[in-house]
Amino acid sequence: MATPIGKPGAMTAMERYLFDVTGYLVIPDALNRDEVEACLAAAKRVHAPHPQDQWRQLGAVYEKEPAVENLIDHPSVFKKVRDIYGDYFILQSSWCTVSPPGFGGGGYHQDGSGPYEFRRLAERTPLVQLRIGFFLTDQTNTNMGNMVLIPGSHNTPSVLPNRSEFDDLPIKDIICGKPGTALMFHQGVFHCGTKNEMDYHRYIQHMVYAPPWLVPSDRTHNDPAFLERTTPLRRALLGEWKRPDEPFGAGYQRPPFED
């Protein structure tokens, strides 16, 4: 199966069809070279105080690193997020992940809530989290810490059996891409990370969007100092809504999009 490929910018009809069928879309050149270098330097800074031989994800890096903050509403993918969700959604979480040399890879899983999995909400797993991973290091070949996805696995109630043993699953799609590539995927798609046989750390910055009622998972609150200095749109995307008369009812102010 060929990998579904999109382009930066708004969602086209064909891209939406490919996303609905497979559950994901790969967008080459979502970030330019300068953006990649700035985000990679930020990722290395935030991970530097921690052990360098462990897989790890760190949340809310955008509060400390302006280069990562710019990904909150990056034009290469943000219109696609709006095309899928409409005007009312939040940045539910963000994760700066590192896969060290020698990492053996993880097991297949769906993202979301462990205690009450999102696939229990409906026979076709609803889109609750839309994840976009920006590649900050080279993943043009396999065994470079690549993401692996099972196309269409969000559309079935069947649970992947023995999910950690499917190295040879014939329908898997190993995602390859150069730095600056973005991978946008539905949280219900079974996926995992592969082993990293390179002599350098693999970095991906994930941005995860969701309906405004979903509780953020990378933070217990938004940093007031960050809210003060960021843009009005980004404040809204972090869930700093003016409370309406009824929770989740009418009265939410539309985020201040430019269009």
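Contact here means heavy atoms within 4.5 Å. Keep that in mind as you work through these exercises on a predicted model.

**Exercise 1.** Work out which face of helix H1 (residues 13–22) is turned inward, and what it packs against.

*Solution.* Start with the burial cut-off: a buried residue has under 20% relative accessible area. In H1, Glu15, Phe19 and Thr22 are buried. Next, look down the axis of H1: the buried residues fall within an arc of 90°, so they line one face of the helix. This fits a general rule: an α-helix has 3.6 residues a turn, so residues three or four places apart point the same way. Now turn to the other side of H1, where Ala13, Met14 and Tyr17 are exposed. Finally, list the partners: the buried residues of H1 pack against strand E1 (24–27), helix H4 (78–85), strand E4 (130–135) and strand E7 (182–186).

**Exercise 2.** Trace the open sheet and place helices H1 and H2 on it.

*Solution.* First, the order: 6 strands run E1-E7-E4-E9-E3-E2, with antiparallel pairing. The edges are E1 and strand E2 (56–59), each pairing on one side only. From one strand to the next, the twist averages 20°. Then add the helices. H1 lies across E1, E4 and E7, at about 130° to E1, while H2 lies across E2, strand E3 (90–99) and strand E9 (202–210), at about 75° to E3.

**Exercise 3.** Find which helix gives the most to the largest nonpolar core.

*Solution.* Begin with the core itself: among its 44 residues, Tyr62, Phe89, Ile132, Phe134, Met184 and Tyr209 touch the most other members. Helix H2 (residues 33–47) gives the most to this core, with 6 residues.

Methods. Residues numbered from 1 in each chain as written. Predicted model: local features only at pLDDT ≥ 70, side-chain atom pairs only at ≥ 80, totals over all residues. Heavy atoms only, no water. Core = buried A, V, L, I, M, F, W, Y, C linked by side-chain atoms within 4.5 Å. Buried < 20%, exposed > 50% of the residue type's maximum accessible area, 1.4 Å probe, protein only. Helix = DSSP H or I, 4+ residues; strand = E, 2+ residues; numbered from the N terminus. Arc of directions from axis to C-beta. Pairing = 2+ DSSP bridges. Axes fitted to C-alpha atoms, helices over the stretch in contact; angles between N-to-C directions.
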